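Thanks for coming. I will take a few minutes to walk through one structure, and I will keep to what can be read from the model.

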Amino acid sequence: MITFSIRLTVCLSLILGLKYTRSDEDLPSWLTNETVQSHIAAIFSGIDHVDIVLGDLIPNQSYPPILDWLIHRRSPPSFLQGKTIRIYQNVVPGLKETGCKAGRPILSAIVDTDDANEDELGMIDRDYGDESRFIVLDRTFESFARVWDQNHQYGYLAFASWATFQLSMTCLLDPYATYLLILSDGLELEELIKFSKATWITQGVFKVFFMLGERIYTFDPFTAIGPREYGVLKELRNISDIPRIPQGDFKGYPLRIDRFRTTFSHTLLNKEGKVIDFIGADAEASRVVTRALNLTPNFLPPDKDQFGFKLPNGSFNGVLGRLSRRESDIVFVGYFIKDYFTRDTEFTAGIYVDELCCLVRKASRIPEYLLPITIFPTDLWGLLFLMGIICATTWIIIRTGIKMKATKSERRAPKTPLAYLFNLSNTIRDAPLYRKLIQIVVDTYILLVSAPYRRFTRSGIERLMLFGLMLVSLIFVSMFQSSLSSVFLHPMFYKDIDSLQRLDESGIKIPVKYKASWTTSFRPTTVR
């Protein structure tokens, strides 16, 4: 498959070995029919990207003149003018084991692209320009599906037989895209009606147009054909026949609605205990919407799995599963706006605002023996401890200075007068130096907490320093004693978990009611 702008085309004569000179006789009649061309232009109106899928053609027709007419016609302008187009070199036929009959493949919106080599560039018509990059498409159905899915919100023009379309493309149809299928074989209209109804019900796709000869047929699911019966296959005769979603009046179209009991929706039960109605914001919203749009509500029985979540096999249960399988059309229940890992659902306008709420246990009460410590914060306790070290160091420096001055003056005996001056006990007088230093530190903290102190120094400069220390101690002890009574009278608790960060740091297990609530909110290891 090659990707290029409108000014480029594929030189299919190099692929098919054909040489041609374009004439109207080489073209199918629908290409030269101005009415048909106007209808096709209306079908792809507002679509900027179109994929052209080259599959089966009617006998005696070939692609080169058709593509040349579609892409390069100037008068009247081609309906592809101004659009970005991609041409699939040929359809990958689906097999029963690998194609649509084997189930819907896993699609991806990302396909790797590589620079084209010389052999690949040889497939491009140099008369119109060179294309240096294009998507490599191998012959597997999975690769075909992935490339197809890149354009899932835009338009497709496919040339194929009915059998090829069913094998290769029916499972790739998307509700947002527009499809025009040029059928190469005849087909009964009854089979088209049956297929279109099934596709609308199971996949939500209705913008599929079928060309049989010079006639274009499409299915309009919103046209009433009888009481409580909708959907008709119509032939395009003018632009107004193109089906569109009604903007204000659905004329009683049945809407399958899911709902179940939640915080914003309560049930009304009869005497037998069966649910007969819902009340609340969700129920009222369903009534307002169906009444305003003239829809006929069809309430489905509540699903036992309620919101639903993604299963290990990739499918969904609950309401998400019903929406993905097109078993219901809408659910009037409040969902958090987040990624539910499916492209088959989308959000409507918000009705109310809610927040994720984590209910945690109240922090336990602080034991009584620890209550005195809680009076001051940790940083203040650290500051008091640091102040004790600083005061003890200052005391040691002052005492060392006094000793040095007494030694130099030689007016006193080195031991007895200093021991008397410092009022040292007999044990401390003969103790080694480190023991004396430790005693100074101990005495400092005794004074700092206003504990009884028996041997006060007789040195005037030490008394002056210690007097300042006692003033600080008086302030500290007064604050401590005034707060001590309150902590015993009023219960004290550890700090509560008041943020998601503290919740994460706590490492506690988080039980949840709905698994869909935690898939993108918490780590799986913390939730049960």
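A search of the whole structure finds 11 salt bridges. Before I go on, please keep in mind that this is a predicted model. As background, side chains of opposite charge can pair when their charged atoms come close.

I will take three of these pairs in turn. The first is between Lys-234 and Asp-220, whose side chains meet in a salt bridge at 3.2 Å, N to O. Lys-234 sits in strand 10, residues 229–235, and Asp-220 in strand 9, residues 215–226, so this pair ties together parts that are 14 residues apart in sequence. Is Asp-220 buried or exposed? Asp-220 counts as buried, because its relative accessibility is 9%, and the cut-off for buried is under 20%.

The second pair is Arg-287 with Glu-284, and here the closest N and O atoms are 3.5 Å apart. Both residues belong to helix 9, which covers residues 281–292. They are 3 residues apart, so about one helical turn separates them. Arg-287 is partly exposed, at 26% relative accessibility. Glu-284 is partly exposed too, with a relative accessible area of 41%.

The third pair is Arg-325 and Glu-327, with 2.8 Å between the closest N and O atoms. Arg-325 has a relative accessible area of 43% and is partly exposed. Glu-327, at 38% relative accessibility, also counts as partly exposed. Elsewhere, Arg-215, Glu-235 and Arg-237 are joined into one network by salt bridges that share partners.

Next, the loops on either side of strand 14. Asn-294 lies in the loop between helix 9 and strand 14, the strand being residues 295–299. Its phi is near 55°, a positive value in a residue other than glycine. Asn-294 is partly exposed, with a relative accessible area of 35%. Where is Gln-306 found? Gln-306 is in the loop between strand 14 and helix 10, and that helix covers residues 318–324. Gln-306 likewise has a positive phi of about 55°, although it is not a glycine.

Now to two pairs of residues that are separated along the chain. Phe-44 lies in the loop between helix 3, residues 34–43, and strand 2, residues 49–54. Phe-44 counts as buried, because its relative accessibility is 0%. Which residue is paired with Phe-44 here, 113 residues apart along the chain? The partner is Leu-157, and the C-alpha atoms of the two are separated by 9.6 Å.

The other pair starts from Thr-32, which is in helix 2, residues 29–32. At 37% relative accessibility, Thr-32 counts as partly exposed. Thr-32 and Trp-69 are 37 residues apart in sequence, and their C-alpha atoms are 9.4 Å apart in space.

Moving along the chain, there is a database record to compare with the model. The unreviewed UniProt entry lists residues 380–402 and 464–484 under "transmembrane region". What does the model show for residues 380–402? That span is 100% helix and 0% strand, and its end C-alpha atoms lie 33 Å apart. Residues 464–484 are also 100% helix and 0% strand in the model, with 30 Å between the end C-alpha atoms.

Last, two surface patches. How many square ångströms does the nonpolar one cover, the patch made by Leu-383, Phe-385, Leu-386, Ile-389 and Ile-390? The value for that nonpolar surface patch is about 490 Å². One of its residues, Ile-390, has its place in helix 11, residues 378–409.

The other patch is positive, and it is formed by Arg-429, Arg-454, Arg-455, Arg-458 and Arg-463. Of these, I will look at Arg-429, which is found in helix 13, residues 426–429. Arg-429 is partly exposed, with a relative accessible area of 36%. That fits its place in the patch, because patch residues need over 30% relative accessible area.

To recap: there are 11 salt bridges in the whole structure, and the one between Lys-234 and Asp-220 ties strand 10 to strand 9. Both spans that the unreviewed UniProt entry lists as transmembrane region are 100% helix in the model, residues 380–402 and residues 464–484. That is the end of my part.

Key: Residues are numbered from 1 along each chain as its sequence is written. This is a predicted model: local features need pLDDT of at least 70, side-chain atom pairs count only at pLDDT 80 or more; totals for chains, interfaces and linings use all residues. Side-chain values use heavy atoms; hydrogens and water are left out. Patches are made of residues with over 30% relative accessible area and no salt bridge: like charges are joined within 9 Å, nonpolar side chains (Val, Leu, Ile, Met, Phe, Trp, Tyr) within 5 Å. Accessible areas come from the Shrake-Rupley method with a 1.4 Å probe; for residues, only the protein chains shown count as cover. A salt bridge is a side-chain nitrogen of Lys or Arg within 4 Å of a carboxyl oxygen of Asp or Glu. Lys and Arg count as positive and Asp and Glu as negative; His and the chain ends are not counted. The place of a charge is taken as NZ of Lys, CZ of Arg, CG of Asp or CD of Glu. Helices (H or I, at least four residues) and strands (E, at least two) are DSSP runs, numbered from the N terminus. Buried means under 20% relative accessible area, exposed over 50%, partly exposed in between (1.4 Å probe, protein chains only). UniProt positions are given in the numbering used here, feature names are shortened, and annotations may be inferred rather than shown by experiment.
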